[in-house]
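I set out to record a few local features of this model in my notebook. The entries below follow the order in which I looked them up.

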Amino acid sequence: AFDSTSRPKHLTLSIGLSCYVMLAQHGPLTPDHCLIVPMAHEKAHTSVEEDVADEIRNFQKCLIMMAHAKGKGVIFMETFYGGDSKRPRHMSIDAVPVPMDVYGDARIYFKKALMESEEEWSTHKKIIDVTATKGIRKSVPPNFPYFHVSFGLEGGYAHVIEDAADFPRTFGREILAGMLGVPAQNIVKQRKKSPGEERENVKKFTDAWGPYDWTSQLK
(Lines give C-alpha, C1' and ligand atoms only; values in the text may rest on other atoms or scores of the structure.)
Protein backbone atom coordinates (compact mmCIF):
# COMPACT_ATOMS: atom_id res chain seq x y z
CA ALA A 1 0.00 0.00 0.00
CA PHE A 2 0.97 3.65 -0.37
CA ASP A 3 1.98 4.04 3.29
CA SER A 4 4.09 0.87 3.28
CA THR A 5 7.68 1.32 4.47
CA SER A 6 8.83 -0.94 1.63
CA ARG A 7 7.43 1.37 -1.08
CA PRO A 8 10.35 2.85 -3.08
CA LYS A 9 9.41 6.49 -2.48
CA HIS A 10 12.28 7.78 -4.64
CA LEU A 11 10.59 6.28 -7.72
CA THR A 12 7.22 7.99 -7.15
CA LEU A 13 6.37 10.27 -10.07
CA SER A 14 2.82 11.49 -9.46
CA ILE A 15 0.26 11.20 -6.65
CA GLY A 16 -3.50 11.43 -7.20
CA LEU A 17 -6.42 11.00 -4.81
CA SER A 18 -6.58 7.20 -4.89
CA CYS A 19 -3.68 6.12 -7.15
CA TYR A 20 -0.07 7.03 -7.83
CA VAL A 21 2.46 6.48 -10.62
CA MET A 22 5.98 5.19 -10.02
CA LEU A 23 8.84 4.06 -12.22
CA ALA A 24 9.07 0.29 -12.59
CA GLN A 25 11.78 -0.89 -10.20
CA HIS A 26 12.13 -4.55 -11.17
CA GLY A 27 12.85 -5.53 -14.76
CA PRO A 28 11.96 -2.23 -16.48
CA LEU A 29 11.68 -2.59 -20.25
CA THR A 30 12.39 1.05 -21.07
CA PRO A 31 13.66 4.07 -19.06
CA ASP A 32 10.08 5.43 -18.83
CA HIS A 33 8.36 2.10 -18.01
CA CYS A 34 6.11 2.96 -15.07
CA LEU A 35 3.34 1.49 -12.91
CA ILE A 36 -0.11 2.81 -12.03
CA VAL A 37 -0.81 1.68 -8.45
CA PRO A 38 -3.86 2.18 -6.18
CA MET A 39 -2.98 3.64 -2.77
CA ALA A 40 -5.26 1.26 -0.87
CA HIS A 41 -4.62 -2.47 -1.02
CA GLU A 42 -6.53 -3.52 -4.15
CA LYS A 43 -6.40 -6.96 -5.75
CA ALA A 44 -7.36 -6.25 -9.37
CA HIS A 45 -8.69 -3.67 -11.78
CA THR A 46 -11.90 -5.71 -12.04
CA SER A 47 -12.78 -5.19 -8.37
CA VAL A 48 -11.82 -1.56 -7.63
CA GLU A 49 -14.42 1.11 -6.89
CA GLU A 50 -15.56 3.37 -9.73
CA ASP A 51 -13.59 6.39 -8.50
CA VAL A 52 -10.37 4.35 -8.50
CA ALA A 53 -11.11 3.06 -12.01
CA ASP A 54 -11.71 6.64 -13.17
CA GLU A 55 -8.38 7.77 -11.74
CA ILE A 56 -6.55 4.87 -13.39
CA ARG A 57 -8.05 5.97 -16.71
CA ASN A 58 -7.00 9.58 -16.07
CA PHE A 59 -3.41 8.49 -15.57
CA GLN A 60 -3.59 6.28 -18.67
CA LYS A 61 -4.85 9.18 -20.80
CA CYS A 62 -2.07 11.48 -19.58
CA LEU A 63 0.65 8.84 -20.09
CA ILE A 64 -0.64 8.27 -23.64
CA MET A 65 -0.53 12.00 -24.41
CA MET A 66 3.04 12.27 -23.11
CA ALA A 67 4.09 9.22 -25.14
CA HIS A 68 2.41 10.53 -28.32
CA ALA A 69 4.42 13.76 -27.99
CA LYS A 70 7.54 11.58 -28.22
CA GLY A 71 6.19 9.56 -31.16
CA LYS A 72 5.37 6.53 -29.02
CA GLY A 73 2.35 4.44 -28.01
CA VAL A 74 1.67 2.89 -24.60
CA ILE A 75 1.08 -0.79 -23.81
CA PHE A 76 -0.75 -1.42 -20.51
CA MET A 77 -0.53 -4.82 -18.81
CA GLU A 78 -1.90 -6.36 -15.61
CA THR A 79 -1.77 -9.89 -14.16
CA PHE A 80 -4.11 -10.98 -11.36
CA TYR A 81 -3.68 -14.45 -9.87
CA GLY A 82 -6.87 -14.56 -7.81
CA GLY A 83 -7.99 -13.41 -4.41
CA ASP A 84 -7.57 -16.64 -2.44
CA SER A 85 -3.81 -16.47 -2.03
CA LYS A 86 -2.51 -16.21 1.54
CA ARG A 87 -0.43 -13.24 0.42
CA PRO A 88 -2.39 -11.57 -2.37
CA ARG A 89 -0.32 -9.22 -4.49
CA HIS A 90 -1.05 -5.53 -4.58
CA MET A 91 -2.54 -4.52 -7.91
CA SER A 92 -0.43 -2.57 -10.39
CA ILE A 93 -0.71 -1.83 -14.09
CA ASP A 94 2.45 -1.72 -16.20
CA ALA A 95 2.54 1.24 -18.59
CA VAL A 96 5.26 0.76 -21.21
CA PRO A 97 5.82 3.49 -23.84
CA VAL A 98 7.15 1.89 -27.04
CA PRO A 99 8.07 3.11 -30.54
CA MET A 100 5.07 3.27 -32.88
CA ASP A 101 6.34 0.41 -35.08
CA VAL A 102 6.43 -1.86 -32.00
CA TYR A 103 3.05 -0.52 -30.87
CA GLY A 104 1.57 -1.27 -34.31
CA ASP A 105 2.75 -4.89 -34.23
CA ALA A 106 2.02 -5.58 -30.54
CA ARG A 107 -1.59 -6.69 -31.01
CA ILE A 108 -0.53 -9.46 -33.41
CA TYR A 109 2.37 -10.60 -31.17
CA PHE A 110 0.24 -10.74 -28.02
CA LYS A 111 -2.61 -12.58 -29.73
CA LYS A 112 -0.19 -15.17 -31.11
CA ALA A 113 1.52 -15.62 -27.72
CA LEU A 114 -1.82 -16.01 -25.94
CA MET A 115 -3.03 -18.54 -28.50
CA GLU A 116 0.14 -20.57 -28.00
CA SER A 117 -0.12 -20.26 -24.22
CA GLU A 118 -3.62 -21.75 -24.39
CA GLU A 119 -2.18 -24.96 -25.85
CA GLU A 120 0.44 -25.08 -23.12
CA TRP A 121 -1.52 -24.08 -20.02
CA SER A 122 -5.28 -24.24 -20.61
CA THR A 123 -7.88 -26.87 -21.34
CA HIS A 124 -10.13 -24.29 -23.04
CA LYS A 125 -9.32 -21.40 -25.33
CA LYS A 126 -9.98 -18.27 -23.34
CA ILE A 127 -8.86 -15.18 -25.22
CA ILE A 128 -11.34 -12.43 -24.52
CA ASP A 129 -11.45 -9.53 -26.95
CA VAL A 130 -11.63 -6.53 -24.61
CA THR A 131 -13.16 -3.68 -26.58
CA ALA A 132 -12.43 -0.05 -25.79
CA THR A 133 -16.06 0.51 -24.75
CA LYS A 134 -16.38 -2.53 -22.45
CA GLY A 135 -12.94 -2.48 -20.88
CA ILE A 136 -11.59 -5.15 -18.55
CA ARG A 137 -14.12 -4.40 -15.78
CA LYS A 138 -17.05 -5.46 -17.98
CA SER A 139 -15.17 -8.29 -19.70
CA VAL A 140 -13.95 -10.44 -16.78
CA PRO A 141 -16.01 -11.13 -13.60
CA PRO A 142 -14.53 -9.99 -10.26
CA ASN A 143 -12.15 -12.48 -8.57
CA PHE A 144 -11.43 -14.37 -11.82
CA PRO A 145 -7.61 -14.59 -12.28
CA TYR A 146 -6.52 -12.99 -15.56
CA PHE A 147 -3.81 -11.46 -17.71
CA HIS A 148 -4.87 -8.28 -19.53
CA VAL A 149 -3.07 -6.24 -22.17
CA SER A 150 -4.45 -3.09 -23.74
CA PHE A 151 -3.04 -1.01 -26.58
CA GLY A 152 -3.47 2.55 -25.39
CA LEU A 153 -7.20 2.92 -24.78
CA GLU A 154 -8.02 1.13 -28.03
CA GLY A 155 -8.97 -2.18 -26.42
CA GLY A 156 -6.91 -5.34 -26.12
CA TYR A 157 -7.00 -8.94 -24.91
CA ALA A 158 -7.67 -10.74 -21.65
CA HIS A 159 -6.79 -14.33 -20.79
CA VAL A 160 -8.48 -16.09 -17.87
CA ILE A 161 -5.74 -17.89 -15.93
CA GLU A 162 -6.70 -21.46 -15.08
CA ASP A 163 -3.57 -22.51 -13.18
CA ALA A 164 -1.72 -19.66 -11.51
CA ALA A 165 1.27 -21.90 -10.78
CA ASP A 166 1.86 -22.40 -14.50
CA PHE A 167 1.31 -18.86 -15.77
CA PRO A 168 4.57 -16.86 -15.60
CA ARG A 169 4.46 -13.53 -13.78
CA THR A 170 6.65 -12.03 -16.50
CA PHE A 171 4.48 -13.25 -19.42
CA GLY A 172 3.65 -9.82 -20.87
CA ARG A 173 7.03 -8.31 -20.16
CA GLU A 174 8.80 -11.16 -21.94
CA ILE A 175 6.71 -10.61 -25.09
CA LEU A 176 7.52 -6.91 -25.14
CA ALA A 177 11.17 -7.61 -24.30
CA GLY A 178 11.41 -9.73 -27.44
CA MET A 179 9.87 -6.96 -29.54
CA LEU A 180 12.11 -4.27 -28.02
CA GLY A 181 15.33 -6.30 -28.15
CA VAL A 182 15.70 -6.27 -24.34
CA PRO A 183 17.59 -9.34 -23.00
CA ALA A 184 14.95 -11.73 -21.63
CA GLN A 185 17.11 -12.57 -18.58
CA ASN A 186 16.82 -8.93 -17.45
CA ILE A 187 13.06 -9.43 -17.21
CA VAL A 188 12.92 -12.98 -15.86
CA LYS A 189 15.42 -12.15 -13.10
CA GLN A 190 13.67 -8.81 -12.50
CA ARG A 191 16.93 -6.89 -12.61
CA LYS A 192 16.94 -3.42 -11.09
CA LYS A 193 18.65 -0.32 -12.42
CA SER A 194 21.51 1.19 -10.44
CA PRO A 195 20.57 4.05 -8.06
CA GLY A 196 22.24 6.51 -10.44
CA GLU A 197 20.24 5.23 -13.40
CA GLU A 198 17.05 5.35 -11.35
CA ARG A 199 17.63 8.99 -10.34
CA GLU A 200 18.40 9.95 -13.94
CA ASN A 201 15.29 8.18 -15.25
CA VAL A 202 13.09 9.82 -12.59
CA LYS A 203 14.40 13.28 -13.53
CA LYS A 204 13.91 12.69 -17.25
CA PHE A 205 10.40 11.39 -16.69
CA THR A 206 9.27 14.19 -14.37
CA ASP A 207 10.71 16.86 -16.71
CA ALA A 208 8.59 15.49 -19.57
CA TRP A 209 5.57 14.64 -17.39
CA GLY A 210 4.80 18.13 -16.08
CA PRO A 211 2.56 19.40 -18.93
CA TYR A 212 0.48 16.20 -18.90
CA ASP A 213 0.18 15.48 -15.17
CA TRP A 214 -3.51 15.89 -14.28
CA THR A 215 -2.69 15.82 -10.56
CA SER A 216 -1.20 19.32 -10.85
CA GLN A 217 -4.83 20.51 -10.77
CA LEU A 218 -5.13 19.13 -7.22
CA LYS A 219 -2.45 21.47 -5.82
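**Entry 1: helix H3.** I looked up how far helix H3, residues 171-180, is covered, in what is a predicted model. Seven of its ten residues are buried, so I noted H3 as largely enclosed by the rest of the structure. I listed the buried residues of H3 as Phe-171, Gly-172, Arg-173, Ile-175, Leu-176, Ala-177 and Met-179. I also noted that Gly-181, just after H3, takes a positive phi of about 75°.

**Entry 2: aromatic pairs.** I then turned to the aromatic rings, for which the count comes to nine pairs. I recorded Phe-110 and Phe-147 as a stacked pair, 6.4 Å centre to centre with 15° between the planes. Phe-110 lies in helix H2 (residues 100-121) and Phe-147 in strand S7, so this pair ties together parts that are 37 residues apart in sequence. Both Phe-110 and Phe-147 are buried.

I found a second partner for Phe-110 in Phe-151; this pair is edge-to-face, at 6.1 Å centre to centre and 65° between the planes. Phe-151 also lies in strand S7, so its pairing with Phe-110 of helix H2 joins parts 41 residues apart in sequence. I noted a relative accessible area of 0% for Phe-110 and of 2% for Phe-151, which is buried. I entered Phe-110, Phe-147, Phe-151, Tyr-157, Phe-167 and Phe-171 as one aromatic cluster. Phe-171 is also among the buried residues of H3.

**Entry 3: Thr-30.** Is Thr-30 buried or exposed? I recorded Thr-30 as buried, because its relative accessible area is 13% and the cut-off for buried is under 20%. Thr-30 is found in the loop between strand S2 (19-23) and strand S3 (34-38). Leaving aside residues up to four places away in sequence, I found that Thr-30 touches Val-96, Pro-97 and Leu-180. Thr-30 and Pro-97 are 67 residues apart in sequence, yet 7.5 Å apart in space, C-alpha to C-alpha. The side chain of Thr-30 also makes a polar contact with that of Asp-32, at 3.0 Å.

**Entry 4: the second largest pocket.** I noted a volume of about 450 Å³ for the second largest pocket. It is lined by 25 residues, and those closest to its centre are His-45, Arg-57, Lys-134, Gly-135 and Ile-136. Helix H1 (50-69), strand S4 (72-80) and strand S7 (146-151) each give two or more residues to this lining. H1 gives the most, with six residues. I recorded the lining of this pocket as nine nonpolar, nine polar and seven charged residues.

Key:
Residues numbered from 1 in each chain as written. Predicted model: local features only at pLDDT ≥ 70, side-chain atom pairs only at ≥ 80, totals over all residues. Heavy atoms only, no water. 1 Å grid on protein atoms, 1.4 Å probe; cavity = no way out; pocket = protein on both sides within 12 Å on 5 of 7 lines; lining within 4 Å. Points joined across faces, edges and corners; volume = space filled by probe spheres on them. Helix = DSSP H or I, 4+ residues; strand = E, 2+ residues; numbered from the N terminus. Nonpolar A, V, L, I, M, F, W, Y, C, P; charged D, E, K, R; others polar. Buried < 20%, exposed > 50% of the residue type's maximum accessible area, 1.4 Å probe, protein only. Contact = heavy atoms within 4.5 Å. Polar contact = N/O pair within 3.5 Å; in protein donor to acceptor, adjacent residues only side chain to side chain. Phe/Tyr/Trp six-rings, centres within 6.5 Å; stacked < 30°, edge-to-face > 60°.
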